[in-house]
Amino acid sequence: MKIFAIGNVFNPSGVSSHIINVLKGLSKLGEEVTLYVPHFLVDNKIEILKDLEKAGVQIYPFVYDYIQKYKSKIRTINYFIESHTVIFRWNDIGADKVLLRDLDRIKPDIIYDMHEDTITLRLSYYLGKKLNVPVVKLLHDEPFRYSSFGRGYRKILGLQGFIYDALMSIFYKFDKRAYEISMEDGILRGIAAVSYASIYYSKLDEIAKKYHVAVKVYEIGNAFDKELIFKYRRIKDKGDYAVFFARLVPQKGLMELPKIAERLSTKIIVFGKLFSEKYKKNLQSKNIEYRGYKPIEEVYDTVSKAKVLIYPSHQDGYSLVVLDTLALGTSVVAYDIPAIRFVYGGLKPVKMVKEYDYLSLAKVANEVLSMPEKEYTMEHEDEKVRTFIEKHSDWLNVAIETRDFLKQFTRNAI
């Protein structure tokens, strides 16, 4: 199977980690994989591309050309607006038109668009239509919310959040229409999701059914680096402290963090990059020890020794933070948002409380902190937990699910 993948491998996020590891896995499985990074997503981290090439993934030549031309391109509000209004320039793929010069020589069996964004959907739709090949879209987060006023940012950011929610409510209508056009025209043939959360918010399963488009929620949407994680994993002899690591932004619970910290029986060690100095005050509680943005080995070592991860996140498609923490042998207390509920629900060491209820989150975290070691260990050695960790300990498992879904749409599919 010849797969033409569209994806951003340069962003230091769970999304890029998924794309990189799945593409390597598909190549390992014997599929012919070519990666194309649209011009508006390029960065000058050539070492990432070289690493993919070593794993057998072909990099489309124009990507290197783009790096020279667009390197260090600054993302602005203009890009944000343009990315949500592509419906008004549906047939204009800009600089990516260079693809049409020699794309026929690749003759892909399928185009795998590995983002939920409509700006990459426009590109994959355009190529799929020109080449007469099916397009499959991958969702990490929801591409839009079906009947929601924004993303609820007004509840954590006040007036600023209200303005953002109002703007997103309008953009969602445009994004939804882009998906509908792609399905109506028979170009978008399949939609995959790393968790049910993105489907839950967008109701894309209901929309897709109308157009006979297949929808698949991967059982194993993501994985962790077993070789690295298991160097630090421990479920006994824990330290008397809590931990938090994520992007330090309000969406990840930064605003609630000091309120939780002051109600904990111990300190919280915090790792992560602070994206705005105005939020620095949220890290100045006497119970918070902020260590900054550190190497992942240091983070894993500290997390594995902690007794609990505090995770008051409001926005996730599939939390790799929770996955890594669970694999490290540390319990988690989080808000009951769809991404946590649908992926980790029923696992004893992952405890959930109602979203925004930071008082209950602190209370449950204190209960974990005071839990006897025998009870704590038993939760982590539970058969359901062990099976979950084993399934998610190899990216090849994710690649196999991906391959099996994509094969349904190829020209040679029976």
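## Two helices that cross

In this predicted model, the axes of helix H1 (residues 14-28) and helix H17 (residues 395-406) come within 8 Å and cross at roughly 75°. Why do we call H1 and H17 roughly perpendicular to each other? Angles from 65 to 115 degrees count as roughly perpendicular, and the crossing angle here is roughly 75°, so H1 and H17 earn that description.

Which residues make the contact? On the H1 side they are Ser 17, His 18, Asn 21, Val 22, Gly 25, Leu 26 and Lys 28. On the H17 side you will find Trp 395, Leu 396, Val 398, Ala 399, Thr 402 and Arg 403.

## From H1 to the sheet

H1 also lies across strand S1 (2-6), strand S2 and strand S5 (135-139). Its direction makes an angle of about 155° with S2.

These strands belong to an open sheet of seven, and if you walk across it you meet them in the order S3-S2-S1-S4-S5-S6-S7. The pairing is parallel. At the edges sit strand S3 (58-59) and strand S7 (214-217), each of which pairs on one side only.

## How the strands are joined

Start with S2 (residues 32-36), which runs parallel to S3 and is joined to it by two bridges. Here Thr 34 stands opposite Gln 58 of S3.

Next, look at S1 and S4, a parallel pair with four bridges. Ala 5 has Tyr 112 in S4 as its bridge partner. S4 is also joined to S5 by three bridges, again in parallel, and Asp 113 is partnered there with Lys 137 of S5. To get from S4 to S5, the chain passes through helix H5 (residues 118-131), making a right-handed β-α-β crossover.

## A strand covered on both faces

In a regular strand, side chains alternate between the two faces of the sheet. Strand S4 (residues 110-113) is a good place to look at both faces. Are its residues buried or exposed? Ile 110 and Tyr 112 on one side are buried, and so are Ile 111 and Asp 113 on the other, leaving both faces covered.

## A buried aspartate

Now find Asp 165 in helix H6 (residues 154-184). Buried means under 20% relative accessible area; Asp 165 has 0%, so it counts as buried.

What does its side chain reach? The side chain of Asp 165 comes to 2.9 Å from the backbone nitrogen of Tyr 153. Leaving aside residues up to four places away in sequence, Asp 165 touches Phe 149, Gly 150, Arg 151, Gly 152, Tyr 153 and Arg 154.

How values were computed. Residues are numbered from 1 along each chain as its sequence is written. This is a predicted model: local features need pLDDT of at least 70, side-chain atom pairs count only at pLDDT 80 or more; totals for chains, interfaces and linings use all residues. Side-chain values use heavy atoms; hydrogens and water are left out. Two strands pair if DSSP finds at least two bridges between them. Contact means heavy atoms within 4.5 Å. Axes are lines fitted to C-alpha atoms, for helices over the stretch in contact, and angles run from 0 to 180 degrees between N-to-C directions. Buried means under 20% relative accessible area, exposed over 50%, partly exposed in between (1.4 Å probe, protein chains only). A crossover is right-handed if, with the strands pointing away from the viewer, the path from the first strand over the helix to the second runs clockwise. A polar contact is a pair of N or O atoms within 3.5 Å; within protein, one must be able to donate a hydrogen and the other to accept it, and residues adjacent in sequence count only if both atoms are side-chain atoms. Angles under 35 degrees count as roughly parallel, over 145 as roughly antiparallel, 65 to 115 as roughly perpendicular and the rest as oblique.
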